Amino acid sequence: MKKIQFLFMAVVAVLLSSCFATRTTIGDFNKLTDNGDTNVALVSKTKQCYAVSNLVPLGLKHAETPPSGNCQITTKYNALDMLVSMCTGNLFSMKTIKVYGLVSEGYKPQEPKPVINNGLQYELEGGWTVGGSVAVSYKFAKRYSIGFGYWLGYFWSKDLSIVNHIENTTGMYKIFCSAQIRPWNKGFSPVVGGYLGWQTINLSDYQEGYNRPSLYGYSQTQMFLLPYVGLSFRCGSNCYITWKVGYNMAAGNIKMTDEYKEYNSQYSYWGYPEKINASYPYTALNFTHTLPIGAGLHTKAAEKVRKVMNRD
């Protein structure tokens, strides 16, 4: 539990240090654009990279500015910048610099990205407690989505502290289906969802030169259910970052092999448990991007079903 609390505090610290934007206006930009809200066009865009928590710049890049000098310079962290900063522990970070000019000076206004309320999504997630997953989901509407994915990482259990000297004991992967409800489609929103699937845990203690049976077998596969709640933030037209907290409930425990039970009875002072709890607390950070692929596919399918039913 202490490891989970530390991970949560570290991620929150990175996110809080990264979520800001600054806007600087030059010349008569505000006067000519009604305080920067109308007749504005994107002139240029660039990224500035830093090391060691934004302290050391890695090459200074300059964005193009209008010859007249009337412009607005915006510096902020977008979803990708935040994700890079979080994954590297803020040792490497980026920020996005945009320069806006006047439409009256010949710059073409940038068309806003369309908001996609249904279609295919890809998801990247880190946590569970130590590992990561990739998933593909389908967003049916503003609030509902289902999907499937694959997770790979290390197994965590409070009982592993007893056998932490065993080599190669914590490999695990999961194949799962997922479902999520996000009630609000803008800004921050609570989320409720869950994962259902199979988890395979490798607790083999095989070591070359040791003539003894395996403690818990080479691998054990179990069904699991993982309900969660969380907080989601819409960080772009079709991008979301979600912090999730839940509990991974496995169907049963990891049991010691019968061969080792007999072998271990001669050396009971080793203290190996006969079974290990395979359920554990869950926490993770998820990034989801909705794509225009397959938008409206479910409504078209439903319409075809209605036509067939009415024909009969």
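Two strands pair if DSSP finds at least two bridges between them. In this predicted model, such pairing places Thr46 opposite Ile97 in strand 5. The structure also holds three cavities of 30 Å³ or more, one salt bridge and zero disulfides. The points below take the strands, then the cavities, then the charged and cysteine residues.

**The five-strand sheet**

- Five strands form an open sheet in the order 1-4-5-2-3, and their pairing is antiparallel.
- Strand 1 (21-26) and strand 3 (56-57) are the edge strands; each has a single partner strand, so one side of each has no neighbour in the sheet.
- At one edge, six bridges connect strand 1 with strand 4 (residues 71-76) in the antiparallel sense. Within this pair, Thr22 has Thr75 of strand 4 as its bridge partner.
- Strand 2 (residues 40-51) is joined to strand 5 (residues 92-102) by 11 bridges, again antiparallel. Thr46 and Ile97 face each other across these two strands.
- Strand 2 also pairs with strand 3, antiparallel, over two bridges. Here Ala51 lies opposite Val56 in strand 3.
- Strand 2 and strand 3 form a hairpin with four residues between the strands, and in this hairpin Val52 has a positive phi near 55°.

**Strands 7, 8 and 9**

- Strand 7 (residues 130-139) and strand 8 run antiparallel and are joined by 10 bridges.
- The connection from strand 7 to strand 8 is a hairpin of four residues.
- Ser133 has Trp151 of strand 8 opposite.
- Strand 8 is also joined to strand 9, antiparallel, by 11 bridges. Tyr144 has Ile181 in strand 9 as its bridge partner.

**The largest cavity**

- The volume of the largest cavity is about 140 Å³.
- This cavity is lined by 15 residues, and those closest to its centre are Gln121, Ser145, Gln180, Arg182 and Tyr240.
- Four elements give two or more residues each to this lining: strand 6 (119-127), strand 8 (144-154), strand 12 (239-250) and strand 15 (280-290).
- By class, the lining of the largest cavity has three nonpolar, seven polar and five charged residues.

**The second largest cavity**

- The second largest cavity has a volume of about 70 Å³.
- Its lining includes Glu123, Ser137, Ser145, Ile146, Gly147 and Ser178. Ala179, Gln180, Tyr195, Tyr228 and Lys244 also belong to the lining of this second cavity.
- Strand 8 and strand 9 (171-181) each provide at least two residues of this lining.
- The lining of the second largest cavity divides into four nonpolar, five polar and two charged residues.
- Ser145 is among the residues closest to the centre of the largest cavity, and Ser145 also lines the second largest. Gln180 appears in both places too.

**The salt bridge**

- Lys244 and Glu125 form a salt bridge, with their closest N and O atoms 3.0 Å apart.
- The two residues come from distant parts of the chain: Lys244 is in strand 12 and Glu125 in strand 6, 119 residues apart.
- Lys244 has a relative accessibility of 1% and therefore counts as buried, since the limit for buried is under 20%.
- Glu125 is buried as well, because its relative accessible area of 7% falls under that 20% limit.
- Lys244 also lines the second largest cavity.

**Cysteines**

- No pair of cysteine sulfur atoms in the model counts as a disulfide.
- Cys235 is in no disulfide because its nearest cysteine sulfur, that of Cys239, is 5.3 Å away, and the cut-off is 2.5 Å.
- Cys235 has a relative accessible area of 21%, so it is partly exposed.
- Cys71, in contrast, counts as buried at 1% relative accessibility.

**Lys186 and its loop**

- Lys186 is in the loop between strand 9 and strand 10 (188-202).
- Its relative accessibility is 71%, so Lys186 counts as exposed.
- Lys186 and Arg234 are 48 residues apart in sequence, while their C-alpha atoms are 6.1 Å apart in space.

Terms used
Residues are numbered from 1 along each chain as its sequence is written. This is a predicted model: local features need pLDDT of at least 70, side-chain atom pairs count only at pLDDT 80 or more; totals for chains, interfaces and linings use all residues. Side-chain values use heavy atoms; hydrogens and water are left out. On a 1 Å grid over the protein atoms alone, a cavity is a set of points where a 1.4 Å probe fits but cannot get out, and a pocket is an open set with protein on both sides within 12 Å along at least five of seven lines; lining residues have an atom within 4 Å of a point. Grid points are joined across faces, edges and corners, and a volume is the space filled by probe spheres set on the points. Ala, Val, Leu, Ile, Met, Phe, Trp, Tyr, Cys and Pro count as nonpolar, Asp, Glu, Lys and Arg as charged, and the others, Gly among them, as polar. Buried means under 20% relative accessible area, exposed over 50%, partly exposed in between (1.4 Å probe, protein chains only). A salt bridge is a side-chain nitrogen of Lys or Arg within 4 Å of a carboxyl oxygen of Asp or Glu.
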